[in-house]
Amino acid sequence: MAPEGTVQVTYTGTSRWRRRTGEYTSLAAALEAAGDGDVLSIAPGTYRENLVVDQDVTLRGPEGSRGVVRISPPDGVALTVRASAVLQDLCIEGQDSSAPALLVEDGTAELTGLRVATRSAVGIEVRGNTARPTVRRCTVDNPGGLGISALEGAGGVFEECEVLAAGQAGIAVRGGAQPRLDRCRVHHASGAGISLTGEGTSLEAFDCEIYEVKGAGLQVASRATGHLTDCSVHRTSSDGVTLDTDAVLTLSDCDLHDLPENAVDLRSRSVLTLTRTKVRRFGRNGLSVWDPGTRVDAHQCEIHDSTGDYPAVWVSDGATAVLEACRVRDVPDALFVLDRGSRADVVDSDLSQVRNTAVSVSDGATVQLDDCRIREAATGAWFRDHGSGGTLADCTVEKVATGVIVTKGADPLVERCTVGSPAEAGFYVSAGGRGTFDGCRVGNSGGYGFHVIDGCRSTLRRCRTERCARGGYEFAEEGPVSEDCTSDESATRTTPADTSAAVPVPALQTASATGGLLGAVPQQSGPAAAGTAGERTEPTRPSTTVLAELDSLVGLESVKREVRALTDMIEVGRRRAEAGLKAASARRHLVFTGSPGTGKTTVARLYGEILASLGVLDRGHLVEVSRVDLVGEHIGSTAIRTQEAFDRARGGVLFIDEAYALSPEDSGRDFGREAIDTLVKLMEDHRDEVVVIVAGYTTEMERFLSVNPGVASRFSRTITFGDYAPEELLHIVEQQAQEHEYRVGDAAQEALLKYFTALPKGPGFGNGRTARQTFEAMVERHAGRVAKLDEPTTEDLTLLYPEDLPEPA
């Protein structure tokens with residue numbers, strides 16, 4: 001071994017005048033004396049030289065001790081290689097933030113066991129068409145810049161290398177470079193784990209791992225190409241894999257997991273091919289596919305265990321997705337396809353354990369599902385609106401609330417599909433949906449087999465239903481056509497039916513709201529309720545009767561005056577119009593403010609009845625919703641839910657309780673604002689069809705009205721519901737007692753007044769609800785007292801005493 005700080009050169013030349021060995025005190029001197037084939041054995045020490053290797057020589061430190069020979073100049077490139085040299089067991093320490101620590105510019109150098117610990121622009125840079133190094137078991141620790149960079153047509157092979165840290169991307173490939181990675185690891189990078197950019201740029205990677213990076217795991221852009229086999233990407237701070245602008249990527253036998261955002265995001269005509277790849281534990285979409293020309297082909301892949309509230313596969317803006325023999329499970333929604341030109345083809349695949357909708361098609365998109373299996377979902381497939389459609393063929397849908405929903409002009413073709421054990425309906429068509437159902441089957445439905453309402457023009461051919469609890473077919477209005485359809489009708493018979501005797505459905509037949517094709521049925525609940533909004537279940541009461549009921553309510557004097565003033569304005573306006581005079585356009589939308597239990601819902605119901613009795617509304621029914629009914633878990637679902645609630649309220653009143661929850665103070669990425677914006681537009685577009693009442697605490701409602709400039713202008717006035725006085729609460733208890741044939745004695749009245757006066761009036765105070773609960777508690781304590789009497793009198797059985805009051809909280 002040479003003395004420390006020296007370089008021993010072993011010559012391989014045969015000239016007699018050359019010595020076989022020599023020792024030098026600097027690397028530059030040793031290289032100047034060396035020739036091709038010579039070996040430079042470098043003793044431990046720090047060499048502050050900018051080394052340039054342009055001969056085919058071997059430079060090596062002590063074997064297995066790559067930290068003891070340090071090449072560490074104060075600036076510039078620490079080590080430049082321009083030949084087919086061999087470098088072994090060295091430590092490269094660059095200090096220049098504008099230059100690479102190790103630069104390979106030419107040749108087929110072999111770099112083995114190097115440790116690059118630096119704060120340079122790049123740890124290892126391979127540059128130029130003739131640079132083709134083989135890099136084995138090297139590590140890069142460069143918190144100041146890129147880990148490894150290949151550019152300007154460079155190639156080379158990196159085997160068992162590791163980027164320990166990088167201030168930017170772990171590995172950056174651009175400018176037509178084409179390296180190969182084998183069993184490499186990239187972690188703790190502050191940019192993308194691996195970045196590929198530019199036409200002609202490509203990367204092959206085998207058995208590599210990318211993790212703990214502050215950015216995307218793999219980034220492919222601007223016509224670059226990547227081929228990854230048996231690789232894993234996990235624990236990134238952003239998307240797992242991103243493709244942009246004509247990027248092309250193939251992932252085979254890869255594993256993408258534990259990703260906070262999208263597992264894979266594709267845009268701008270990028271193309272991704274996935275084969276036998278797992279996508280799991282992702283926070284947003286498993287596959288997010290955007291823009292015309294963008295395409296993903298997935299074969300034998302698994303997508304599962306979403307940790308967020310977004311669809312597993314999202315296809316929009318004209319993109320295409322193909323899933324063949326794939327499994328999607330344990331996700332909020334499996335497949336969402338949106339926008340005209342977007343398409344998804346799914347073949348021989350399983351969609352299961354879906355908390356909401358397995359397949360959603362909207363905004364003119366198209367899907368083709370062949371031989372697929374949908375299991376354990378709220379909705380199997382939902383074709384949502386005009387222009388949306390496609391084909392479902394030879395699919396099975398089991399253990400869902402509803403098998404297939406078609407709404408708002410959507411027009412799919414459903415062939416030879418089977419829906420088993422739906423909780424509500426096998427096939428549900430409403431709100432102008434269409435659809436052709438050919439050779440489909442429904443069995444063991446908790447509701448109807450086929451439920452077609454709202455005059456939807458659907459066509460059913462050769463369909464069959466069996467053991468449907470509410471009936472095989474329900475056509476609530478004229479419109480649907482059925483040909484050669486049959487049902488066992490067992491659910492609608494009072495005695496067991498012979499299931500072998502098929503009951504034919506006429507070619508065209510309609511039913512009333514209470515009578516189905518196969519027999520009388522009760523009023524539908526659940527999703528079908530949306531379609532019954534136009535049907536009156538009981539006659540409208542005269543306005544005088546409804547106003548009398550309003551007057552009978554305890555307290556609320558200011559509220560009653562406000563409602564009567566509104567009623568008078570509307571009634572006089574109607575009479576002026578009948579007389580040919582101009583009638584003031586009274587805005588009917590209201591804001592109700594006040595504490596819980598002050599009668600807001602009751603007054604809203606009566607207000608709707610009054611408007612119906614005056615001919616202002618068709619029905620006057622009340623549809624009560626809150627934030628949970630309007631706000632969805634992912635992009636696009638909030639507008640759909642809000643529209644559906646509004647449609648249910650057509651002809652009546654939409655009552656939004658605790659409306660301020662739609663605009664939380666810390667909104668972040670909250671979708672409540674989308675519900676507000678959708679409501680404002682619907683109120684304008686359908687101003688004469690629905691009355692909207694928003695309700696909640698006074699202070700919170702003031703904030704709510706200030707969120708959207710269009711909100712406050714839509715409501716004519718605010719009606720404040722004050723808390724009930726103790727005397728009014730006593731009156732409510734007396735009304736309850738009279739209704740249930742009890743009497744409140746004089747002593748009990750006095751005790752109740754004291755009780756309600758002393759009762760804390762904090763946020764949890766329920767006003768009228770508290771009065772009713774107090775009465776129920778008194779009845780319970782009265783029963784416990786009277787049960788001990790051997791022969792109680794009528795007075796004993798009816799009279800409530802002070803001791804029957806509950807103990808103060």
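In the predicted model, Arg416 sits in the loop that links strand E48 (411–415) to strand E49 (418–420). Its relative accessible area is 44%, so Arg416 is partly exposed. The side chain of Arg416 makes a polar contact with the side chain of Asp394, at 2.9 Å. Asp394 is also among the residues that Arg416 touches beyond four places in sequence. The others in that set are Ala393, Cys395, Asp438, Gly439 and Cys440. Cys463 lies 47 residues away from Arg416 in sequence. In space, the C-alpha atoms of Arg416 and Cys463 are 8.6 Å apart.

A second loop residue, Thr201, is placed between strand E23 (194–197) and strand E24 (202–206). Thr201 has a relative accessibility of 1% and therefore counts as buried, the limit being under 20%. A polar atom of the Thr201 side chain lies 2.8 Å from the backbone nitrogen of Gly176. Gly176 belongs to a run of contacts that also takes in Val173, Arg174, Gly175 and Ala177. Thr201 further contacts Leu196, Ala224 and Thr225. Neighbours of Thr201 within four places in sequence are left out of this list.

Salt bridges were examined next. Side chains of opposite charge can pair when their charged atoms come close. The count for the model comes to 38 salt bridges. One of them joins Arg136 to Glu110, with the closest N and O atoms 3.9 Å apart. Arg136 is in strand E15 (residues 134–136) and Glu110 is in strand E12 (residues 110–112), so this pair ties together parts that are 26 residues apart in sequence. Both partners are partly exposed, Arg136 at 26% relative accessibility and Glu110 at 35%.

Asp371 and Arg373 form another salt bridge, again with a closest N to O distance of 3.9 Å. Asp371 is partly exposed at 40% relative accessibility. Arg373 is partly exposed as well, at 27%. In a further salt bridge, the side chains of Arg375 and Glu398 meet at 2.9 Å, N to O. Arg375 belongs to strand E45 (residues 373–383) and Glu398 to strand E47 (residues 396–407), so the pair ties together parts 23 residues apart in sequence. Arg375 counts as partly exposed at 32% relative accessibility. Glu398, at 36%, falls in the partly exposed class too. Salt bridges also link four residues into a network, made up of Arg82, Glu105, Glu125 and Arg127.

The nonpolar interior was then considered. The largest nonpolar core holds 136 residues. Within this core, Leu59, Val359 and Phe437 touch the most other members. Strand E43 (residues 350–362) supplies the largest share of the core, with five residues. Leu59 touches Leu31, Leu40, Ile42, Leu51 and Val53. Its contacts also include Val86, Leu87, Gln88 and Leu90. Residues up to four places from Leu59 in sequence are not counted here. A second core, of 27 residues, is separate from the largest one. Among its members are Ala659, Leu682, Val690 and Val694.

The final element is an open sheet. Strands of a sheet pair through backbone hydrogen bonds, either parallel or antiparallel. Here five strands are arranged in the order E63-E64-E65-E62-E66, and the pairing is parallel. Strand E63 (622–625) and strand E66 (717–721) occupy the edges. Each has a single partner strand, so one side of each is left without a neighbour in the sheet. On average, neighbouring strands are turned by 20° against each other, direction ignored.

The pairing of E62 with E66 was followed in detail. Strand E62 covers residues 590–594 and is joined to E66 by five bridges. The two strands run parallel. Phe592 has Ile719, in E66, as its bridge partner. Helix H3 (residues 557–578) lies across both E62 and E66. Relative to E66, helix H3 runs at about 155°.

Notes
Residues numbered from 1 in each chain as written. Predicted model: local features only at pLDDT ≥ 70, side-chain atom pairs only at ≥ 80, totals over all residues. Heavy atoms only, no water. Pairing = 2+ DSSP bridges. Helix = DSSP H or I, 4+ residues; strand = E, 2+ residues; numbered from the N terminus. Axes fitted to C-alpha atoms, helices over the stretch in contact; angles between N-to-C directions. Contact = heavy atoms within 4.5 Å. Buried < 20%, exposed > 50% of the residue type's maximum accessible area, 1.4 Å probe, protein only. Polar contact = N/O pair within 3.5 Å; in protein donor to acceptor, adjacent residues only side chain to side chain. Core = buried A, V, L, I, M, F, W, Y, C linked by side-chain atoms within 4.5 Å.
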